[in-house]
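Please open the model in a viewer and keep a selection panel at hand. The tour below proceeds by selection, with a short account of what each one shows.

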Amino acid sequence: MTTAPEDVSLEGLRDALGLLKDREQVAVRLLESSAKHSFDPDRELDWDAPVEEGKWFWPPELVSLYGTPLWKRMSEEQRFDLARHEAASLASLGIWFEIILIQLLVRHIYDKPVTSAHVRYALTEIADECRHSMMFGRMIEKGGAPTYPVTRLNHNLARVLKTVSTTPGSFACTLLGEEILDWMQRLTFPDERVQTLVRGVTRIHVVEEARHVRYAREELRRQMVTAPRWERGLTRLSCGEAARVFSIAFVNPEVYTNVGLDRREAVAQVRASGHRREVMQTGAKRLTDFLDDIGVMRGVGRRLWRSSGLLA
């Protein structure tokens, strides 16, 4: 992973969003927030409480088939079951992504001063992600649905990404994985129709991910100003390709088979669903606006984002 030189002065450097913030000052604030607002899911959540009858594992409006002709033909029991399996699919995706993120963060700090606040915060975030992955795993187990790994192709593409990704590309992909799920979880944790355990899991994740998003955004802004031209171009391309892969992998099609639906019909109806397209584009909008502002959404990369369905 290439990095911007450590002696690059930020004084006077700016992008479309204004002056760049000092890396150490950002990290100090995030460390202070971590000290005040971090959670131990094993202690914070009641894992022994029974599953609540008549409550969803995921808000119905965020279930992939919501509003489609197939959804209207499904029984209420099937709808609840699909929500439970999709929650497990998203949690599985989250674990896969967070394991990738942990490795990208380790690579990012490998050559940086070990006593810096920037490195200390990265290590704090790694600890957060470890707890999140264990928390998601317990939630899947509690719900009784299987895990849903990504395809072997995407698994191996990620192996390449976390091995060769440059710094701005790593942080752009980090935000892609964090911000859309974060938007959905912000709708989930206040929703009283949803299982109490799921609401607790999403609340913890939202609070702690807010810091992770801030760290990644500030670092990506810095990298897009200081990185060489070829690296900025590679970031646009890799981020667009990551958006395309992410949109495909977002819900594992095996969930449809496991609740007794015709997989091909379900996938086709999700692709044709205006509601689903609106959900995904709304969830991605805050991110796509930010990436557009800092110069990531250009050229072929922008066309890839459009083909992913995440950009209107």
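**Pockets, a helix and enclosed spaces**

The second largest pocket of this predicted model has a volume of about 480 Å³. To find this pocket, select Leu157, Leu161, Cys173, Ser238 and Ala242, which lie closest to its centre among the 23 residues of its lining. Next, colour α4, α6, α7 (167–188) and α9, each of which supplies at least two lining residues. The largest share, seven residues, belongs to α9. Colouring the lining of the second largest pocket by class gives 16 nonpolar, six polar and one charged residues.

Keep α9 displayed and turn to the largest pocket, where α9 again gives the largest share of the lining, here five residues. The space in the largest pocket amounts to about 800 Å³. Its lining comprises 32 residues; select Ser247, Ile248, Ala249, Val270 and Arg271 to see those nearest the centre. Two or more lining residues come from each of α4 (76–109), α6 (152–164), α9 (229–249), α11, α12 and α13 (299–308). By class, the lining of the largest pocket consists of 17 nonpolar, ten polar and five charged residues.

Now isolate α11, residues 263–272. Which residues of this helix are buried? They are Ala266, Val267, Gln269 and Val270. These four lie on the same side of α11, because the arc they cover around the axis is only 165 degrees. Add α3 (69–73), α10 (254–258) and α12 (274–293) to the view: these are among the elements that cover the buried residues of α11. Then rotate to the face turned away from the buried side, where Arg264, Arg271 and Ala272 are exposed. Two of the residues just visited on α11 also belong to the group nearest the centre of the largest pocket: Val270, from the buried set, and Arg271, from the exposed set.

Before leaving α11, select Asp262, which caps the N-terminal end of this helix. A distance label from a side-chain oxygen of Asp262 to the backbone nitrogen of Arg264 should read 3.2 Å.

The remaining stops are cavities. How many cavities of 30 Å³ or more does a search of the whole structure find? The search finds four. In the largest cavity there is about 160 Å³ of space. Select Gly94, Phe136, Leu181, Gln185 and His205, the closest to its centre of the 19 lining residues. Show α4, α5 (117–143), α7 and α8 (196–226) as well, since each supplies at least two residues of this lining. With seven residues, α4 provides the largest share. The lining of the largest cavity divides into ten nonpolar, five polar and four charged residues.

For the last stop, follow α8 to the second largest cavity, to whose lining it gives the largest share, four residues. About 70 Å³ of space lies in this cavity. The lining can be selected in full: Lys21, Asp22, Arg23, Val26, His118, Tyr215, Glu218, Glu219 and Arg222. Both α1 (23–36) and α8 give two or more residues to this lining. Which classes make up the lining of the second largest cavity? Six of its residues are charged, two are nonpolar and one is polar.

Notes:
Residues are numbered from 1 along each chain as its sequence is written. This is a predicted model: local features need pLDDT of at least 70, side-chain atom pairs count only at pLDDT 80 or more; totals for chains, interfaces and linings use all residues. Side-chain values use heavy atoms; hydrogens and water are left out. Buried means under 20% relative accessible area, exposed over 50%, partly exposed in between (1.4 Å probe, protein chains only). The arc is that of the directions from the helix axis to the C-beta atoms. Contact means heavy atoms within 4.5 Å. A polar contact is a pair of N or O atoms within 3.5 Å; within protein, one must be able to donate a hydrogen and the other to accept it, and residues adjacent in sequence count only if both atoms are side-chain atoms. On a 1 Å grid over the protein atoms alone, a cavity is a set of points where a 1.4 Å probe fits but cannot get out, and a pocket is an open set with protein on both sides within 12 Å along at least five of seven lines; lining residues have an atom within 4 Å of a point. Grid points are joined across faces, edges and corners, and a volume is the space filled by probe spheres set on the points. Ala, Val, Leu, Ile, Met, Phe, Trp, Tyr, Cys and Pro count as nonpolar, Asp, Glu, Lys and Arg as charged, and the others, Gly among them, as polar.
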